[in-house]
Amino acid sequence: MKKSFKKASLCLLAVFVIATAWAQQKDISGTVSDDTGEPLPGVTVAVKGTSQGTITSVDGSFTLPDVQQDAVLVFSFVGMITQEMPVGNQNVINVAMEQSIIGLEEVIAIGYGTVKKSDLTGAVGSLKGDELDPQANTNVGAALQGKMAGVAVETASGDPGSGVRIQIRGAGSLNNVNPLIIVDGIAVESMNNLNPLDIESIQVLKDASSAAIYGSRASNGVILISTKSGSLGEIKINVNADYGIQQIGKKLDLLNTDEWIKVNNAARDAGGMDRIPIALNPEMPGEGVDWQDEIYRNAATQNYNIGASGGSENLKYSLSLGYLNQDGIVETSNYTRLNMRIKTDLTKGKLKLGQTFIFSTEETRNIGNLGGQGGTAVSAATMMIPAFKIYDETALGGYAGAWGPVMDVFNPVAGLNLFKNESDYYKLLANLYGEYEIVDGLKYKLSVGATINETKGFNYRPRYVVGSIFRNEKTTLSESSGMSKYGQIENTLSFNKEFGKHSINAVVGQTSYKDLYRQISGSKKAMPDGIYVLDAGTDEANSGGYEVENTLLSYLGRAIYSYDNRYIVTATYRRDGSSRFSKENRWGNFPSLSVAWNIANEDFFSNMGTSITQLKLRGSYGILGNQEIGDYQYMGLITSAISYTTGNPSELWVGNIQTDYPAGGLKWESTATSNIGIDLSLWSGKMNFIFDYFRKKTTDVLLRVPIPLSVGAGSDPFSNAGEIANNGFEATAIYNGSVNDFNFSVTGTLTSVKNEVLALSTGTQRISGASASHHGSAVTYTQEGSPLYSFFLIQTDGLFRNEQEVTSHSKDGELIQPNAVPGDIRFIDANDDGRIDGNDRVYAGSPFPDFSYGLRLEGDWRNFDFSLFFQGTQGNKIYNGFNTYLEAARVNTNYSSATLDSYTFNPDSEFPRLDMADPNGNGVDNSDRFLEDGSYLRLKTFQLGYTLPKTLLNRMSFDNLRLYLAAENLFTLTDYLGYNPDIGGNGLSSRGVDFRVYPLNRSYHLGLQLNF
């Protein structure tokens, strides 16, 4: 009996304990709002000390099941003050989060560490990932355009996968002007392969104070890209799908066959030339062939991404997979990209381990160069005479082409379909780190990273006969493979501690880098049709290869001291040793110093009762370096495998010769930068304003100095022989507001940079830039007193209207233009020597704008949201290389419709007369006739979205489902007559020269974003 009672008592006790424990667990729900009562979606709600957590939905609500009564909930959100709430007896917990004024407690990445925004003393631009409009944007660089003051972005080409050109606060070198790009701590050559949806944030270090920690690699600015990390809570899946249609934004207005015959006959008649056979007997009369219609298409683009993230207090993870397939608006062109990313962070006591792996493959099919003076398919489509037919079934290859006394322009349709120009890219980024907290605030970090990039090129040309000008009797195949291996090891010791009113944030470190590149190539001819391997070729075998290597060893240090969050001082120092310089000049030192004063935190200011919630003054000065001149430039290069005969009887010997002279005494380019800035915030962060004025002066510019040809060198040697200045300002204004249920934000940016070459070699040296025609002279030059690669052209002064005007244009009784007649262009004799020639070129403008700007409007009303982004430039010039052929009418190609209104047909016209002999030089490609205003305003992105209601999402077991419509490059307002005023070209020297550049597309998108 006693035993039975004892057992019963134990059972009752167990039931009581279980019931008590069960009673202590309960479901907690609630709503999170901001300080105005508006719901906050995306707030992390976590049970402190566990991996349990969730994220608030669109209406700010949340539910957490099975929460212990003694638990503490932690509410965190970017830009808000983190709050902790004990559960206790509550079943419903509603939280009103307070704004951290303009994100002053937000942590900003500044290289080898972070700093609170309130302690920032340098000029650093920052963007969140969602501000890149990543749903419809497929290129991170293009998504930056116009969104950050001081950062100029131009498209290199509209060719899919072609990327962009980025300059930060102007161009300060004649060599590499690209910024240093750091992705999750690893330097990369390009961001083209990154998936915009993987980006958490981008910071741009623009002045010496912020960038000096990167020393010799930072003179062009630094872009720090952080990819998404895992967060506390259960696993979250996000899916993004986007489908779009692209089309050419604008076509050039060209002549049809009948119009072309009229213009060509008139030009040849005026020049005393016989009319050509294709004009007398056109293959395609009447309208003829619209070659632009034949090569441009409506092209599809598809972009799919899936990601997963989550974690506990000890382990957080983020995974993603992305696929992009983009057809180009030019037939056969295509870009395909596959992205995979894994990022984890593990914390165990004082030890923290982490890794990032990013792998991507890219496949491109480019339009390439077709051969002849027509160049690419884009330019050939504007120059090909509409009277020629497209196809010829009797010809080898099946295509017709140009014949007779016409310019050698390849049939663009034939070129696109016959030729294969393909490139494949395989890229791996890996970074592993370990961090250990030695004592409170003192941490040691070891980071080991590498990138491996492989590029494969494939170029195939079959046998063909295209017209009477182009033929290839042997199939041709060339292939290349290049691999870059980059590795880095970084050791840093950081200290971050507050002592009452004092705060110290310091880091010291040692880093080493090694970069190795190796390439091989081969080509053969005469392989059987349809066989695409080199071993199948039997003729003209060629091969080659090379390897280059460079290393960099560095020591760095930075200390940020703050007193009472009012006075902040930052001192940075870096010492770099580069293998690109000789031993006596191998090391460079790069210091910087900056200060800031948080005026709004002063007692006297807080007592004034103003609407100003933040007012900070900043000032900085520092020196940055540039080593981007290529490898082995200080050495005398040896050319091998040089054959010669000697002896009697003669024998063939193979030897080596020195072809370049050593550039003795080469040292670092140095860029001294000063910056003054102000940060202003009004009405608790509703209105924010940032303004910076800067001055950059680059000395010891590395450039090639001409030496006499008699020296026998293969190229001019490098020397430190130039100075370049960039001065300007940048401003950003942000306003956040709401009207009833409508929330909105307006962000504007404005940048102005004045570039000037202060010194260049002996003072008279002129460096040629880009030309705007196939065999033409350069239209841009670099010389003292002007911006880099400015336009220097012969000035025009209208047309001669009668013989009296021709005869009055004279000097000392001699005609300045003896071959001119009414209807010809009057040129200005700038040097007053009585004749017109290349010596009359004068400064005609700069490819750099007077200012550039961006304007972003976004808002939401209930379940709807929208965003508009405008960007543009003002004051830059563009040389229209297309019109050097289309309007000159000097050769037998197609022409612009503007020729129909020439002086030949309309004596009141401003368009000069047609004369194919052109004795007056109306069509010369070194006058300002074809120089145009490149200013433009573009609606770059538009997006309209709708998020499904919470009640419907709950039934579908989704956290969020958003549908959207979007458009890219919807319209462009400009006076420029070419395809596109956003001209990046092939580099700094060709900026502003529109010569055979692939046009940008306009695109329309439909997509969805799903979270569960």
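Which strands each supply at least two residues of the lining of the second largest cavity? The answer is in point 4, after some notes on confidence and on the main cavity.

1. **Confidence first.** This is a predicted model, so please read the points below with that in mind. The protein chain has an average pLDDT of 90, and 96% of the residues reach at least 70. The stretch to set aside is residues 1-23, where pLDDT stays under 50 and the model has 0 contacts beyond four places in sequence. Where pLDDT is low, predicted coordinates should not be read in detail.

2. **Cavities overall.** A probe the size of a water molecule, rolled over the atoms, shows where empty space is left. Here the count is 12 cavities of 30 Å³ or more. The largest holds about 480 Å³ of space, and the second largest has a volume of about 330 Å³.

3. **The largest cavity.** Its lining is made of 31 residues, and those nearest the centre are Thr 138, Asn 139, Ala 142, Gln 326 and Asn 1001. At least two lining residues come from each of strands E19 (315-327), E20 (334-348), E52 (936-947), E53 (960-974) and E55 (1001-1011). Of these, E55 gives the most, with 3 residues. Sorted by class, the lining of the largest cavity has 18 polar, 7 nonpolar and 6 charged residues.

4. **The second largest cavity.** Back to the opening question: the strands are E11 (151-155), E39 (742-760), E48 (851-861) and E49 (864-874), each with at least two residues in the lining of this second largest cavity. The largest share, 6 residues, comes from E39. The lining of the second largest cavity has 30 residues, and Val 151, Ala 152, Pro 849, Ser 852 and Arg 991 are the closest to its centre. By class, this lining divides into 14 polar, 12 nonpolar and 4 charged residues.

5. **A three-stranded sheet.** Strands E51, E50 and E54 form an open sheet in the order E51-E50-E54, with mixed pairing. E51 (931-933) and E54 (993-994) are the edge strands, each pairing on one side only. Strand E50 (residues 877-880) runs parallel to E54, and 2 bridges join them. One specific pairing to look at in the viewer is Tyr 879 with Val 993 of E54.

6. **Strand E13 and its partners.** In a regular strand the side chains alternate between the two faces of the sheet. Strand E13 (residues 180-183) has Leu 180 and Ile 182 pointing one way and Ile 181 and Val 183 the other, and all are buried. E13 pairs with strand E16 (residues 222-227) in the parallel sense over 4 bridges, and Leu 180 stands opposite Val 222 in E16. E13 also pairs with strand E14 (residues 186-188), here in the antiparallel sense over 3 bridges. In that pairing, Ile 182 stands opposite Ala 187. The hairpin of E13 and E14 has 2 residues between the strands, and Asp 184 takes a positive phi near 50° there.

7. **Two further backbone checks.** Most residues other than glycine have a negative phi. Glu 540 is not a glycine, yet its phi is positive at about 50°; this residue sits in strand E28 (residues 539-563). Tyr 789 also has a positive phi, about 45°, and lies in the loop between strand E41 (780-782) and strand E42 (790-794). Are these residues buried or exposed? Glu 540 counts as partly exposed because its relative accessibility is 42%, whereas Tyr 789 counts as buried because its value is 7%.

8. **Val 45 and Thr 54.** Val 45 belongs to strand E2 (residues 44-47) and Thr 54 to strand E3 (residues 53-55). Val 45 is buried because its relative accessible area is 0%; Thr 54 is buried too, at 12%. Beyond four places in sequence, Val 45 is in contact with Thr 54 as well as Gly 53, Thr 56, Phe 62, Leu 64, Leu 73, Val 74 and Phe 75. With the same exclusion, the residues that Thr 54 touches include Val 43, Thr 44, Phe 62, Thr 63 and Lys 236. For a distance to try in your viewer, the C-alpha atoms of Val 45 and Arg 169 are separated by 41 Å, with their positions 124 residues apart along the chain.

Conventions. Residues are numbered from 1 along each chain as its sequence is written. This is a predicted model: local features need pLDDT of at least 70, side-chain atom pairs count only at pLDDT 80 or more; totals for chains, interfaces and linings use all residues. Side-chain values use heavy atoms; hydrogens and water are left out. Two strands pair if DSSP finds at least two bridges between them. On a 1 Å grid over the protein atoms alone, a cavity is a set of points where a 1.4 Å probe fits but cannot get out, and a pocket is an open set with protein on both sides within 12 Å along at least five of seven lines; lining residues have an atom within 4 Å of a point. Grid points are joined across faces, edges and corners, and a volume is the space filled by probe spheres set on the points. Ala, Val, Leu, Ile, Met, Phe, Trp, Tyr, Cys and Pro count as nonpolar, Asp, Glu, Lys and Arg as charged, and the others, Gly among them, as polar. Buried means under 20% relative accessible area, exposed over 50%, partly exposed in between (1.4 Å probe, protein chains only). Contact means heavy atoms within 4.5 Å. pLDDT is the predictor's confidence in each residue, from 0 to 100.
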